[in-house]
Amino acid sequence: MLRRLNHQFGPDDTHHIVRMLDHFIFKDHLCISFEMLGPNLYDLIKRNQFKGLSLSTVQLFAKQILRGLVLLKEAGIIHCDLKPENILISTRAKPPEIKIIDLGSACYEGQTVYSYIQSRHYRSPEVLVGYPYNAAIDMWSFGCIIAELFLGLPLFPGVSEYDVLKRMMEMLGGQPPNDILVGGNKLASSSRIV
């Protein structure tokens, strides 16, 4: 996937996806070398004492993340684990640029084989209930990340999947549509969450 993203879809390196420099097999393990990058966005929030970043910084990073998501969408790839820890800052660029990393859980659209994906605070409602997913789950994660960059804290900081879904319902008002709840394999026996 990285080779395809780097060479076929983003050869000009303007789409904020990490660059793979080389790869090799060592003792039956795939080893990949990447461009040198700096801290991740979670570390940046932490250094700022969880107070959130300036609106101009959030906007700068949001535009760059969206460029990466556009490239993923064009390539038909779902990242499946977009979170602040998987977005690194390039130390060589001014103004700061980010790179989306860790496509270890990624899949092609239409070939969604994993059910346990996305980190809990960035997990979309359809993944929480076990409903079939598509690239929209990366946009959900993007929204959660941007809110966290601005606020300094996760938007849905639940301690379990149930708690995250409950917090979503409280904040957004109401439960997910019944067809999603009924179609989800995690809640197949219930059409309502109380």
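Start with the whole chain in cartoon view and trace it from the N terminus: the order of elements is α-β-β-α-α-β-β-β-β-α-α-α-α. That makes 7 helices and 6 strands to find. Keep in mind that you're looking at a predicted model.

**Stop 1: the whole chain**

Zoom out and spin the model. The C-alpha trace spans about 50 × 40 × 30 Å along its principal axes. How does the radius of gyration fit with a compact globule? For 194 residues, a compact globule would come out near 16 Å, and this chain has 18 Å, which agrees.

Now colour by burial, if your viewer can do that. Of the 194 residues, 44% are buried. Switch on the surface too: its accessible area comes to about 10,500 Å², and carbon and sulfur atoms hold 57% of that.

One more thing to look for is how the chain meets itself. Take the contacts with a separation of 6 or more: 61% of them join residues 24 or more positions apart.

**Stop 2: the largest pocket**

Select L2, M20, L30, I32 and F34 and show their side chains. Among the 14 residues that line the largest pocket, these lie nearest its centre. The space in this pocket is about 260 Å³.

Which elements build the lining? Helix 1 (2-9), strand 1 (20-26) and strand 2 (29-34) each give at least two residues. Highlight strand 2 in its own colour, since you'll want to spot its share: with 3 residues, strand 2 supplies the largest share of the lining.

Next, colour the lining by residue class. You should get 11 nonpolar, 1 polar and 2 charged residues.

**Stop 3: the largest cavity**

How many cavities of 30 Å³ or more are there? The count is 1. To see what surrounds the largest cavity, select L5, N6, G10, D13, T14, H15, H16, I17, R19 and L71. The space inside is about 40 Å³.

Colour this lining by class as well. Here you'll find 3 nonpolar, 5 polar and 2 charged residues.

**Stop 4: two residues with positive phi**

Before the next selections, here's some background. Most residues other than glycine have a negative phi.

Now go to Q49, in the loop between helix 2 (41-47) and helix 3 (55-75). Its phi is near 60 degrees, a positive value in a residue that isn't glycine. Is Q49 buried or exposed? Its relative accessible area is 56%, and the cut-off for exposed is over 50%, so Q49 counts as exposed.

Then jump to D102, which sits in the loop between strand 5 (97-100) and strand 6 (107-108). D102 also isn't glycine, and its phi is positive, near 60 degrees. With a relative accessible area of 38%, D102 is partly exposed, because that class runs between the 20% and 50% cut-offs.

**Stop 5: S124**

Finish at S124, in the loop between strand 6 and helix 4 (125-129). Where does S124 stand on the burial scale? Its relative accessible area is 0%, so S124 is buried.

What does S124 touch? Leave out residues up to four places away in sequence, then show Q118, I137 and W140: these are its contacts. Turn the view around S124 and pick out each of these partners in turn.

How values were computed:
Residues are numbered from 1 along each chain as its sequence is written. This is a predicted model: local features need pLDDT of at least 70, side-chain atom pairs count only at pLDDT 80 or more; totals for chains, interfaces and linings use all residues. Side-chain values use heavy atoms; hydrogens and water are left out. On a 1 Å grid over the protein atoms alone, a cavity is a set of points where a 1.4 Å probe fits but cannot get out, and a pocket is an open set with protein on both sides within 12 Å along at least five of seven lines; lining residues have an atom within 4 Å of a point. Grid points are joined across faces, edges and corners, and a volume is the space filled by probe spheres set on the points. Ala, Val, Leu, Ile, Met, Phe, Trp, Tyr, Cys and Pro count as nonpolar, Asp, Glu, Lys and Arg as charged, and the others, Gly among them, as polar. Helices (H or I, at least four residues) and strands (E, at least two) are DSSP runs, numbered from the N terminus. The radius of gyration is taken over C-alpha atoms; the globule rule is 2.2 Å times the number of residues to the power 0.38. Buried means under 20% relative accessible area, exposed over 50%, partly exposed in between (1.4 Å probe, protein chains only). Contact means heavy atoms within 4.5 Å. Accessible areas come from the Shrake-Rupley method with a 1.4 Å probe; for residues, only the protein chains shown count as cover.
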